[in-house]
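Student: Before we start, could we go through this structure by setting each value against its definition?

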Amino acid sequence: MKITQGQFSFLPDLTDEEIGKQVEYALDNGWALAVEHTDDPHPRNTYWLMWGLPMFDLKDPAGVLMEVNACRREHPNDYIKVLAFDNRKGHETIRMFFMVQRPEYEPGFEVIRAAGRGRTVNYTLRSYATERPPGQRYQPTGSQ
């Protein structure tokens with residue numbers, strides 16, 4: 001199951017050249033860029049680990065790709081995304097983000113259904129990956 005978060009998530013994975021084009025678009029709009037990673041991509045996990053500091057004064061897409069590749073080397077089994085942040089007064093928000101790496105093995109999510117009072121039914125998502133400890137979550141069974 002492919003996790004679909006951020007822009008372009010229903011497309012094939014972006015190449016480095018395509019990532020560079022998106023970074024260039026963000027820079028042309030004056031947005032700051034950041035790289036984040038996680039081994040828990042639950043949809044409500046909005047706090048991924050930041051790789052380095054946000055790149056506020058960057059002018060060249062190659063700088064972001066350098067950071068993306070360094071993060072890929074350090075975290076080969078993590079999800080990695082690039083975020084573009086508009087820090088102009090009155091905006092101060094994420095304008096776009098997209099995945100640039102995902103593990104080969106993505107176990108997906110389980111929907112947990114619980115009956116509540118009356119006819120209320122509550123649903124919760126739980127990642128199958130959390131059954132295993134960090135660092136082993138995205139390895140196929142038997143390859144530990």
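Tutor: Let us begin with helix 2, which lies across strand 1, strand 2, strand 3 and strand 4 and runs at about 165° to strand 2. Helices (H or I, at least four residues) and strands (E, at least two) are DSSP runs numbered from the N terminus, contact means heavy atoms within 4.5 Å, and the angle, on a scale from 0 to 180 degrees, is taken between N-to-C directions of lines fitted to C-alpha atoms, for helices over the stretch in contact. This is a predicted model, in which local features need pLDDT of at least 70 and side-chain atom pairs count only at pLDDT 80 or more, while totals for chains, interfaces and linings use all residues. Residues are numbered from 1 along each chain as its sequence is written, and side-chain values use heavy atoms, with hydrogens and water left out.

Student: How do you know what helix 2 reaches from its first C-alpha to its last, set against the expected value?

Tutor: The expected span is 1.5 Å times one less than the number of residues. Helix 2 covers residues 61-74, which makes 14 residues, and its end-to-end reach of 20 Å is close to the expected 20 Å.

Student: Which residues of helix 2 are called buried, and what covers them?

Tutor: Buried means under 20% relative accessible area, exposed means over 50%, and partly exposed lies in between (1.4 Å probe, protein chains only). In helix 2 the buried residues are Pro61, Gly63, Val64, Leu65, Val68, Ala70, Cys71 and Arg72. Their cover includes helix 1 (16-28) together with strand 1 (32-38), strand 2 (49-55), strand 3 (79-86) and strand 4 (93-101).

Student: Why is Arg72 called buried or exposed, and what does its side chain meet?

Tutor: Arg72 counts as buried because its relative accessible area is 18%, and the limit for that word is under 20%. Its side chain meets that of Asp16 in a salt bridge, at 2.9 Å from N to O. The two residues are 56 apart, Arg72 in helix 2 and Asp16 in helix 1, so the bridge is one that links distant parts of the chain. Asp16, with 33%, is partly exposed.

Student: What makes such a pair a salt bridge, and how many does the count come to?

Tutor: The rule asks for a side-chain nitrogen of Lys or Arg within 4 Å of a carboxyl oxygen of Asp or Glu, and by it the count comes to 5. Asp86 and Arg88 meet it with an N to O distance of 2.7 Å, and Arg95 and Asp86 meet it with 3.0 Å.

Student: What makes Asp86, Arg88 and Arg95 a network?

Tutor: Salt bridges link these residues, with Asp86 taking part in the bridge to Arg88 and in the one with Arg95. Asp86 is buried, at 0%, whereas Arg88, at 42%, is partly exposed, and so is Arg95, at 35%.

Student: How do you know which strands are the edge strands of the open sheet?

Tutor: Two strands pair if DSSP finds at least two bridges between them. Here 4 strands form an open sheet in the order 2-1-3-4, with antiparallel pairing. Strand 2 and strand 4 each pair on one side only, and they are the edge strands. Strand 1 and strand 3 pair in the antiparallel sense over 7 bridges, which means that the requirement of at least two is met. Within this pairing, Leu33 stands opposite Ala84 in strand 3.

Student: What makes a set of residues a nonpolar core, and which residues have the most contacts inside the largest one?

Tutor: A nonpolar core is a set of buried Ala, Val, Leu, Ile, Met, Phe, Trp, Tyr and Cys residues joined through side-chain atoms within 4.5 Å. The largest such core has 21 residues, and Leu33, Val35 and Val82 have the most contacts inside it. Helix 2 gives the most to this core, namely 5 residues. Leaving aside residues up to four places away in sequence, Val82 touches residues including Val64 and Val68, as well as Leu33 and Val35. Another core lies apart from it and has 5 residues, among them Trp48, Tyr79, Met99 and Phe109.
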